[in-house]
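Biologist: I have a structure open and would like to go through it slowly with you. Could you begin with a term I will need, and then take my questions one by one?

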Amino acid sequence: MIEVQFTNDLLAWYDASRRELPWRQNPEPYSVWVSEIMAQQTQIDRVVRYYERWMEQYPDVGSLARAHEEDVLKLWEGLGYYSRARNMLKAANVIVQGHGGEFPTDYADIRGLPGVGEYTAGAICSIAFGQSEPAVDANVLRVFARLLDLEGPVREAKGRSRVEKQVRALIPNDRAGDFNQAVMELGALVCTKSPNCEDCAVQQYCRARDAGTVSQRPVLPASKKTVRITMATGVLVHEGRFLIQKRQPDDVWPGLWEFPGGGIEEGETPEQAVVREYMEEVELAVEPIQTITTLVYTYTRYRVTMHCLLCRFAEEPREPVFNEAVEGGFMLPAELDSYAFPSGHRRLVEFMKNDKTFDALFSDI
Ligand code: SF4
């Protein structure tokens, strides 16, 4: 076990060095919840920008519960992992309907909200309510894997449980939230992937530093291989409008909007794939007339190459039949900004806004 003096030294460092973040000024359960959900998988600078916009639009649970999913997704656009936003909307409704609109204070009730895992429940309980619950995220696992010099994979059940036990033993009753945030802050600012041990306020407690094993900690599972995907997306323009469609609830990126398209099959060119996808998805015969751009981006462990093709009707224009979407239609360029797109399609919209080919279409925006 690490000495209890560790807690005092860590908190002294936190008091002197912590970043001023908007949700730290007056930590309410709602603000802690919003910030913690946003901070998953996202850089803190981005979180601050999104957080401030979010709190302006949805300052409390009630306003969020009344929101339309479409608007929530639009506000979330660019943060990725959209299930987080959808779950927040569901959770707000659970709080309004099941808890009279008051954020629950009990760990089990908070943990039971849609999208709230052990880490988030621990963060809300400790930061907003001062309860002595650990909040163990990837930062905390990394820090404690080094402090304890853990030889096993820290993200697996045994390693995680060892860290949780240690954190629980160290949490001071009077500053539970600060303690959890202090460990996370140490992981974010000092004990990073390439740690700055010389400036570390708790270096004297660090077993990995003593043993010379810092660079080998934490022990991580073998990384999953990147999967390469090649897609073709068609931008059908008709009478100054773009065809877009809304993805289905059980699809990847449910509820987001996109230009029709899909994976390129073996032996197909991007043009052939777009023609086939349009026929399958919206029953329209289209003709690709030029390449707009080719975008390359990463989504979780997928490396996506997306060929984006400008298309026109290959025959007499007619209404699309949305076989693989909830709804859709031809939208004016100025309307595209009010729809939430997955990142690849949003990048395509932004590319078109800045491309001479589309000057005339976007000139009114
Ligand atoms: Fe991390 Fe280095 Fe501090 Fe140990 S001494 S906790 S490895 S920054």
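Modeller: Let us begin with the word "buried", which here means that a residue has under 20% relative accessible area, while exposed means over 50% and partly exposed is in between. Please keep in mind that this is a predicted model, and that 48% of the 365 residues of the protein count as buried.

Biologist: Okay, so how many residues of helix H9 are buried?

Modeller: Helix H9, which covers residues 138-147, is mostly covered, since 9 of its 10 residues are buried. Among them are Asn-139, Val-140, Leu-141 and Phe-144, and also the charged residues Arg-142 and Arg-146.

Biologist: And what do the buried residues of H9 pack against?

Modeller: They pack against helix H1 (5-17), helix H10 (157-170), H11 and H12.

Biologist: What goes on at the two ends of that helix?

Modeller: At the N-terminal end, Asp-137 acts as a cap, with a side-chain oxygen 3.2 Å from the backbone nitrogen of Asn-139. Just after H9, on the other side, Asp-149 takes a positive phi of about 55°.

Biologist: Let me step back a bit. How many helices and strands are there in the protein?

Modeller: The protein has 15 helices and 7 strands, and its C-alpha atoms fill a box of roughly 80 × 50 × 35 Å along the principal axes. If we take the contacts with a separation of 6 or more, 67% of them are between residues 24 or more positions apart.

Biologist: Which domains does the assignment give?

Modeller: The domain assignment gives domain 1, residues 5-216, and domain 2, residues 227-362. Their centres, taken over C-alpha atoms, are separated by 37 Å.

Biologist: How many residues of each are in contact with the other domain?

Modeller: On the side of domain 1 there are 8 residues in contact with 14 residues of domain 2. Together the two domains bury about 840 Å² between them, and 50% of that is on carbon and sulfur atoms. In domain 1 the residues that lose the most area to domain 2 are Glu-70, Lys-74 and Glu-77, which together make up 52% of what that side buries.

Biologist: How many salt bridges are found across that interface?

Modeller: The rule finds 2 salt bridges across the interface of domain 1 and domain 2, and it also finds 8 residue pairs in polar contact there. Helix H5 (residues 69-76) gives the largest share of the side of domain 1 that touches domain 2, with 4 residues. By class, that side of domain 1 has 3 nonpolar, no polar and 5 charged residues.

Biologist: Where does Glu-77 come into this, and what is its partner in a salt bridge?

Modeller: The side chain of Glu-77 meets that of Arg-346 in a salt bridge, at 2.9 Å from N to O. Salt bridges that share partners join these two residues with Lys-74, Asp-337, Glu-350 and Lys-353 into one network.

Biologist: Why can side chains of opposite charge pair at all?

Modeller: They can pair when their charged atoms come close. In this protein the count comes to 24 salt bridges.

Biologist: Take Glu-258 and Arg-247 then, are they buried or exposed?

Modeller: Both count as buried, because Glu-258 has 6% relative accessibility and Arg-247 has 12%, and the cut-off for buried is under 20%. Their side chains meet in a salt bridge at 2.4 Å, N to O. The pair links distant parts of the chain, with Glu-258 in strand E3 (residues 257-258) and Arg-247 in strand E2 (residues 241-247), 11 residues apart.

Biologist: What about Glu-198 and Arg-209?

Modeller: Those side chains also meet in a salt bridge, at 3.0 Å from N to O. Glu-198 is in the loop between helix H11 (176-189) and helix H12 (207-211), and Arg-209 is in helix H12. Glu-198 counts as exposed because its relative accessible area is 59%, whereas Arg-209, at 31%, is partly exposed.

Biologist: One last thing, where does Ser-31 lie?

Modeller: Ser-31 lies in helix H2 (residues 29-39), and it is buried, with a relative accessible area of 5%. Its side chain reaches the backbone oxygen of Glu-28 at 2.9 Å. Leaving aside residues up to four places away in sequence, Ser-31 touches Trp-23, Asn-26, Tyr-51 and Met-55.

Conventions. Residues numbered from 1 in each chain as written. Predicted model: local features only at pLDDT ≥ 70, side-chain atom pairs only at ≥ 80, totals over all residues. Heavy atoms only, no water. Domains from an automatic or database assignment. Contact = heavy atoms within 4.5 Å. Buried area = accessible area lost by both parts, 1.4 Å probe. Salt bridge = Lys/Arg side-chain N within 4 Å of Asp/Glu carboxyl O. Polar contact = N/O pair within 3.5 Å; in protein donor to acceptor, adjacent residues only side chain to side chain. Helix = DSSP H or I, 4+ residues; strand = E, 2+ residues; numbered from the N terminus. Buried < 20%, exposed > 50% of the residue type's maximum accessible area, 1.4 Å probe, protein only.
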